[in-house]
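I opened the model today to look at protein–DNA contacts and helix packing. My notes are below.

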Protein chains: 2
Amino acid sequence: MFFVKHYKAGRFSYHASLTYRQEELMVSIKDVARLAGVSIATVSRALAEPDKVRPNTRDKVLAAVKQSGYVTNSLARSFRTNRNHSVVVLVPDITNSFFSNIIQGIEEVARANGYRILLGDMQNDPANARAYGDLCAQRQADGLICLGRTIPFAYNRSRKTLDPKWPPLVMACEYDDRIAIPGVRIDNERAALDGVRYLGEQGHRRIAYINGPQDSPLCRDRLKGYRKGMAELGLRKTSDLLFGGDFSLDSGAQAARALLQLKSLPTAIFAANDAMAIGALQVLKQRGVRVPDDLSLLGFDDIKFAAYCDPPLTTIAQPRRQIGALSMQIMLDILAGRDGSGGSGESRVLPHELVLRESVARV
Amino acid sequence: MFFVKHYKAGRFSYHASLTYRQEELMVSIKDVARLAGVSIATVSRALAEPDKVRPNTRDKVLAAVKQSGYVTNSLARSFRTNRNHSVVVLVPDITNSFFSNIIQGIEEVARANGYRILLGDMQNDPANARAYGDLCAQRQADGLICLGRTIPFAYNRSRKTLDPKWPPLVMACEYDDRIAIPGVRIDNERAALDGVRYLGEQGHRRIAYINGPQDSPLCRDRLKGYRKGMAELGLRKTSDLLFGGDFSLDSGAQAARALLQLKSLPTAIFAANDAMAIGALQVLKQRGVRVPDDLSLLGFDDIKFAAYCDPPLTTIAQPRRQIGALSMQIMLDILAGRDGSGGSGESRVLPHELVLRESVARV
DNA sequence: GCAAAGAATGTAAACGTTTACAGTGTTTTT
DNA sequence: AAAAACACTGTAAACGTTTACATTCTTTGC
């Protein structure tokens with residue numbers, strides 16, 4: 001048993017009895033400095049701003065780094081610079097595959113810029129958001145990207161701004177019009193409108209709509225687009241064709257069951273997302289309703305499984321990866337003090353796309 | 001313009017021109033101490049070990065905390081204690097929904113214990129693993145949970161141990177028999193065997209198998225189970241019934257196309273995961289092969305969409321959430337120096353379950 | 001060759017905690 | 001009532017960086 005100074009915790013030792021001790025091997029900038037015969041300031045500079053140091057010295061330092069196996073203690077650096085180089089990504093439900101590609105886009109840009117992402121899974125419970133907001137307050141993260149509609153920070157209603165004590169916030173997909181926050185999304189109203197128009201072109205008039213969560217601005221926009229489209233088709237009263245859902249497979253199935261009770265069936269169903277469309281699809285098939293022969297089905301999001309349904313689902317695609325990537329890019333801009341769309345507090349709108357597969361037919 | 005000490009970076013200010021400055025509001029333990037009329041040590045103790053401090057004093061401190069809006073700078077704490085309270089979760093592909101529930105299980109336990117998870121998406125490229133391993137070396141994370149088969153650390157081949165300089169590692173789902181690492185998984189060989197036995201009970205003899213990535217130990221086990229089961233059915237030569245895949249929907253579809261070229265079709269297909277089963281299913285239906293009437297289909301994993309296929313997929317379920325939760329629990333044990341299954345370097349084996357739906361029929 | 005300017009390096013302070021140890025009350029024991 | 005034991009609080013050092021400022025070395029212009 002050897003002597004270990006009390007204030008050093010045995011970090012990586014699995015057993016107290018093990019003699020391996022990470023901290024014994026731990027080499028700091030001081031060691032490198034000694035080895036290279038320079039001051040610690042020079043080492044720091046050689047590593048962080050190589051051109052501020054003479055090539056000769058730089059080489060000495062680099063050699064010492066290599067020899068000693070030094071690796072920067074980023075904890076110390078973060079502490080000193082007050083920058084963590086990590087960003088919380090707040091996801092309503094990690095299980096929802098729709099978010100995967102967005103996260104991937106974020107992650108990619110983050111990694112390319114030396115940032116990491118802290119995953120915040122709300123498990124669909126807004127109460128969980130607060131905990132992740134607090135992470136930022138504790139400097140655990142430099143900023144937060146919000147994929148859902150729940151903003152974990154208090155905001156100043158009258159000024160439509162975040163309280164200045166909160167870190168940068170970027171919203172992806174969703175937005176909140178009570179407050180000016182930079183974000184990235186598609187034009188959901190227009191997208192839904194395009195969907196209805198397409199169904200209209202195929203001769204559909206009675207088009208049912210399976211809505212998402214009512215409190216989601218994004219859903220309100222899609223609903224608005226649906227109504228607008230229906231109005232264009234000359235149908236102002238749509239209340240009997242409207243079904244509630246919550247984006248889950250189950251809720252889509254449930255909506256389909258309710259829908260099949262209608263005295264006069266619609267000729268098409270437009271679901272506010274693919275999961276609900278697929279849920280509905282299953283019920284329809286179970287009840288012997290053929291898609292698209294008896295009933296057409298239009299989804300939203302183009303998740304991976306949409307192409308593997310039977311029939312493959314016609315749907316409206318969002319550029320998910322780009323949404324994620326751009327969100328992170330904006331976050332980086334804000335953090336660097338560059339004014340991306342950051343300062344403006346406006347959403348960047350990316351194009352959507354109608355993906356034609358086989359779940360919609362002419363009437 | 002007010003005076004700002006040079007060494008304080010304007011952290012949260014979106015514009016240089018803005019007067020909001022987070023650091024102006026920044027209150028440290030020192031401020032709380034002054035406000036409460038005690039030393040900073042007492043504040044620290046009142047917060048960390050409340051029972052080590054007189055109730056009277058504690059109240060004073062707590063009041064001061066509240067009044068000042070103090071929140072501990074976890075960056076400073078992490079630096080001081082050399083503990084980050086975060087764990088990297090290395091995922092082969094975040095887009096693969098199979099991993100979602102595992103991550104969720106991990107996340108849940110982590111959060112309940114004051115830990116956060118750093119998401120590491122390998123995007124199916126092992127080269128990306130290294131970067132996340134390095135995070136640990138830099139003290140960015142206290143440990144790493146590996147959901148795939150790629151271990152981002154060098155290990156000592158002869159001693160079957162990790163190099164002691166690496167932080168704790170736990171493997172979920174996969175394992176690596178070249179090295180002793182704690183982990184959580186199911187008995188994949190037995191599970192596959194059970195699958196084949198079930199198909200045998202239904203009268204199937206010619207059972208095709210769509211394999212996963214060859215270099216995955218988990219897949220090797222499943223394959224072994226399949227072979228064992230086939231041997232039990234009296235079929236030793238299975239090479240013509242074996243098809244390669246990589247866990248993706250596409251590879252399942254491709255395998256099905258190859259399979260349909262066989263002179264004598266099998267009566268059942270067993271896929272090493274649900275995604276491939278669903279990919280295969282689509283091809284079968286396109287070619288007019290009815291499932292399960294003409295051909296039975298058995299999957300593996302029980303992902304969410306398995307229940308929403310047509311027909312709903314019979315499959316073998318893994319307790320994904322528990323696998324994740326237990327992995328994190330083991331990690332916590334190791335980090336706390338408690339000897340969970342941590343020290344042993346053995347895998348905990350959780351039970352699997354056959355989920356009967358409608359994709360398998362009697363011959 | 002010398003002064004001035006500029007570049008490279010060193011010195012030392014600071015970031016906000018935690019914690020060993022010392023010191024100061026407070027209670028218990030004798 | 002004094003001594004001993006104990007509980008609480010304060011002092012100060014330490015963690016490993018970054019960086020303003022001071023100092024030294026090198027180059028440039030004359």
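The entries cover the conventions, one DNA strand and two helix pairs.

**Conventions.** I am working with a predicted model, where local features need pLDDT of at least 70, side-chain atom pairs count only at pLDDT 80 or more, and totals for chains, interfaces and linings use all residues. Residues are numbered from 1 along each chain as its sequence is written, chains are lettered from A and ligands numbered from 1 in written order, and side-chain values use heavy atoms, without hydrogens and water.

**DNA strand D.** I looked up the residues near the strand (a heavy atom within 4 Å of it). There are 26 residues around DNA strand D, and A:Ser44, A:Arg80, B:Thr42, B:Val53 and B:Thr57 come nearest. Which part of the strand faces the protein? Of the strand D atoms within 4 Å of the protein, 57% belong to sugar or phosphate, and the rest to bases.

Next I checked side chains against phosphate oxygens, taking a polar contact as a pair of N or O atoms within 3.5 Å; within protein, one must be able to donate a hydrogen and the other to accept it, and residues adjacent in sequence count only if both atoms are side-chain atoms.

- A:Ser44 places a polar side-chain atom 2.5 Å from a phosphate oxygen of strand D.
- A:Tyr70 does so at 2.9 Å.
- For A:Arg77, a side-chain N or O atom is 2.8 Å from a phosphate oxygen of strand D.

I then noted the elements that give two or more residues to this surface: helices H3 (40-48) and H5 (74-81) of chain A, and H3 (40-48) and H5 (74-81) of chain B. Helices are DSSP runs (H or I, at least four residues), numbered from the N terminus. H5(A) gives the largest share, 5 residues. By class, I find 11 nonpolar, 8 polar and 7 charged residues near strand D. Nonpolar means Ala, Val, Leu, Ile, Met, Phe, Trp, Tyr, Cys and Pro; charged means Asp, Glu, Lys and Arg; the others, Gly among them, are polar.

**H2(B) and H3(B).** Helix H2 (residues 29-36) of chain B packs on H3(B) at about 100°, with axes 8 Å apart. The two are therefore roughly perpendicular (65 to 115 degrees). In contact (heavy atoms within 4.5 Å), B:Ile29, B:Lys30, B:Val32 and B:Ala33 of H2(B) meet B:Ile40, B:Val43 and B:Ser44 of H3(B). I count 5 nonpolar, 1 polar and 1 charged residues there.

**H10(B) and H11(B).** Helices H10 (residues 249-259) and H11 (residues 274-286) of chain B pack at about 50°, with axes 6 Å apart.

Notes
Axes are lines fitted to C-alpha atoms, for helices over the stretch in contact, and angles run from 0 to 180 degrees between N-to-C directions. Angles under 35 degrees count as roughly parallel, over 145 as roughly antiparallel, 65 to 115 as roughly perpendicular and the rest as oblique.
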